[in-house]
Amino acid sequence: MTDSNKSSHGEWSSRMAFILAATGSAVGLGNIWKFPYITGENGGGAFVIVYLMCVLLIGIPIMIAETMIGRRGKRNPIDTMTVLAKESGADPNWHYLGWLGVIAGFLILSYYSVIAGWGLSYVLNVFTGSFSGADGEKVQTLFNDFMASPLQQLFWHTVFMVVTMGVVARGVTEGLERAVQWLMPALFFLLLILVAYAMSTDSYFKGLNFLFNADFSKITGQSVLTAMGHAFFTLSLGMGAIMVYGAYLPKDISIARTTVIVAGADTLVALLAGIAIFPIVFENNLQPGSGPGLIFQTLPIAFGNMTGGWFFGILFFVLLVFAALSSSISLIEPAVAWLVETRNMTRQRACVWAGAVTWLLGLGTIFSFNIWSEFKIFDRTIFELLDYLTANLMLPIGGFCIAIFAGWVMKQEHCKKELHLTNPQHFEVWRFLVCYVSPAAVFLVFLNVVGVI
Ligand code: TRP
């Protein structure tokens with residue numbers, strides 16, 4: 001552990017570098033794979049509005065808080081919480097928040113890597129022409145066959161984990177900065193192409209209508225929880241990922257402004273993905289609520305039938321995998337940073353351990369799509385349980401604690417100094433949100449789900 005002003009893992013070279021890395025972490029499968037399918041499952045427009053509200057009122061204030069805590073602590077999340085709790089004269093048990101995050105990171109990455117593996121496999125599928133001229137039925141059959149094969153999924157999951165850990169072993173600030181620089185604009189561009197394809201279908205407005213026409217009668221307590229959980233998930237909040245990235249952030253950079261940029265970019269990508277996907281869903285008589293396979297059952301139809309689809313298809317899935325990679329890195333970085341700083345491991349060794357544990361956990365997810373699909377705990381498959389436990393419970397709880405810590409435990413003057421907002425009113429607004437609005441919102445959603453209100 002170092003006590004200097006800089007993190008021992010290196011620092012971002014500029015504000016842009018941090019924005020790119022944080023966007024790289026935020027934009028991933030959550031935006032392109034998860035957002036469309038949970039929107040489909042939860043009835044569309046009203047869910048989208050609840051999600052947007054959660055990003056604005058809960059996500060952004062907590063993201064500012066988490067980055068700020070990270071930059072002040074300059075260490076892995078566990079030690080950062082210990083040090084800052086001490087500095088604020090608070091209970092040292094706050095460091096359990098760091099633990100919660102490290103565990104959540106493992107659990108999320110274990111299934112995240114499986115889905116990223118699906119993406120890898122689809123690169124090959126497009127390449128070999130499996131989708132050329134394909135209709136909805138063919139694409140669905142292909143997906144179902146793939147789901148039925150644990151071995152194929154295992155192979156791709158393994159490839160993805162090895163690559164992820166290889167990148168993390170080299171240190172996060174170097175390779176990542178360079179990769180994300182061209183990756184994000186390219187992904188954005190491809191989404192625009194897909195949106196253009198969606199516009200060319202007759203169901204374009206039907207798709208838009210589904211996505212933006214709010215019918216609040218479709219909203220239940222559970223769907224509000226899902227929307228809120230997703231706001232945390234998509235912004236990479238509540239488990240220390242952004243805290244670690246904040247730890248590598250130079251002092252003079254404005255946290256609030258960068259956060260708003262990152263959250264804005266993240267939201268835009270999710271909405272574009274939705275706009276691209278739902279017209280294809282309706283055009284081909286697919287079900288919006290068909291679950292985690294949604295993008296794998298829709299986008300190949302577009303690639304199979306549009307001009308240049310082979311090329312764009314390959315490019316799209318490659319970029320999706322890269323976007324997943326830049327997110328995965330942030331899921332495991334807190335654990336690796338902790339192993340390196342306090343267990344005296346080399347980065348390489350830490351990566352082997354963390355990677356092996358995650359890989360093993362991933363088997364549970366793979367099997368929940370085939371041989372263990374009937375095995376349910378609390379009426380959920382292992383994959384569904386992991387997703388629920390992390391996105392809907394652990395991240396909001398982590399985020400709640402981060403808000404309380406930043407709002408009520410840390411000394412105000414420290415927060416002020418870290419955020420150095422030029423307009424003092426902005427600081428008051430943030431403080432109000434993080435002290436009252438965000439924690440209360442999380443709390444109320446929880447109360448509602450357990451049936452108290
Ligand atoms: N935000 C990423 C996505 O949308 C996933 C992710 C990366 C994440 N790091 C995280 C989620 C940390 C929660 C916590 O795909």
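The exercises below, each with a worked solution, concern a predicted model and deal with its ligand site and three of its residues.

**Exercise 1.** Determine how many residues surround the ligand, and which helices each supply at least two residues of the shell around it.

*Solution.* Begin with the shell itself, which holds 17 residues, the closest being Ala26, Gly30, Tyr112, Phe233 and Ser330. Then turn to the helices: α1 (15-26), α2 (29-41), α5, α10 (221-234) and α14 (309-342) each supply at least two residues of this shell.

**Exercise 2.** Find which polar atoms of Phe233, Thr234 and Ser236 lie by a nitrogen atom of the ligand, and state how much of the ligand's accessible area the protein covers.

*Solution.* First take the backbone, where a polar atom of Phe233 is 2.8 Å from a nitrogen atom of the ligand, and a backbone N or O atom of Thr234 lies 3.2 Å from a nitrogen atom of the ligand. Next take the side chain of Ser236, which places a polar atom 3.0 Å from a nitrogen atom of the ligand. The ligand on its own has 360 Å² of accessible area, and the protein covers 100% of it. Finally, consider the space that the ligand takes, which is the largest cavity.

**Exercise 3.** Decide whether Met239 is buried or exposed, and identify its contacts beyond four places in sequence.

*Solution.* Locate Met239 first, in the loop between α10 and α11 (241-247). Its relative accessible area is 3%, and because buried means under 20%, Met239 counts as buried. Leaving aside neighbours within four places in sequence, Met239 is in contact with Glu66, Gly101, Val102, Ala104, Gly105, Ser330, Leu331, Pro334 and Leu395. As a last step, compare chain position with space: Met239 and Ile103 are 136 residues apart along the chain, yet their C-alpha atoms are separated by 8.4 Å.

**Exercise 4.** Describe the setting of two serines, Ser113 and Ser130, and decide whether each is buried or exposed.

*Solution.* Start with Ser113, which is found in helix α5 and is buried, with a relative accessible area of 0%. Not counting residues up to four places away in sequence, Ser113 touches His157, Phe160 and Met161. Continue with Ser130, which lies in the loop between α5 (95-127) and α6 (136-147). The value for Ser130 is 19%, and since the limit for buried is under 20%, Ser130 is also classed as buried. Its side chain is joined to that of Thr128 by a polar contact of 3.2 Å, while beyond four places in sequence Ser130 is in contact with Asn125, Lys138 and Leu142.

Definitions and conventions
Residues are numbered from 1 along each chain as its sequence is written. This is a predicted model: local features need pLDDT of at least 70, side-chain atom pairs count only at pLDDT 80 or more; totals for chains, interfaces and linings use all residues. Side-chain values use heavy atoms; hydrogens and water are left out. Helices (H or I, at least four residues) and strands (E, at least two) are DSSP runs, numbered from the N terminus. Buried means under 20% relative accessible area, exposed over 50%, partly exposed in between (1.4 Å probe, protein chains only). A polar contact is a pair of N or O atoms within 3.5 Å; within protein, one must be able to donate a hydrogen and the other to accept it, and residues adjacent in sequence count only if both atoms are side-chain atoms. Contact means heavy atoms within 4.5 Å. A residue is near a molecule or strand if one of its heavy atoms lies within 4 Å of it. Accessible areas come from the Shrake-Rupley method with a 1.4 Å probe; for residues, only the protein chains shown count as cover. On a 1 Å grid over the protein atoms alone, a cavity is a set of points where a 1.4 Å probe fits but cannot get out, and a pocket is an open set with protein on both sides within 12 Å along at least five of seven lines; lining residues have an atom within 4 Å of a point. A molecule sits in a cavity or pocket if more than half of its atoms lie within 2 Å of its grid points.
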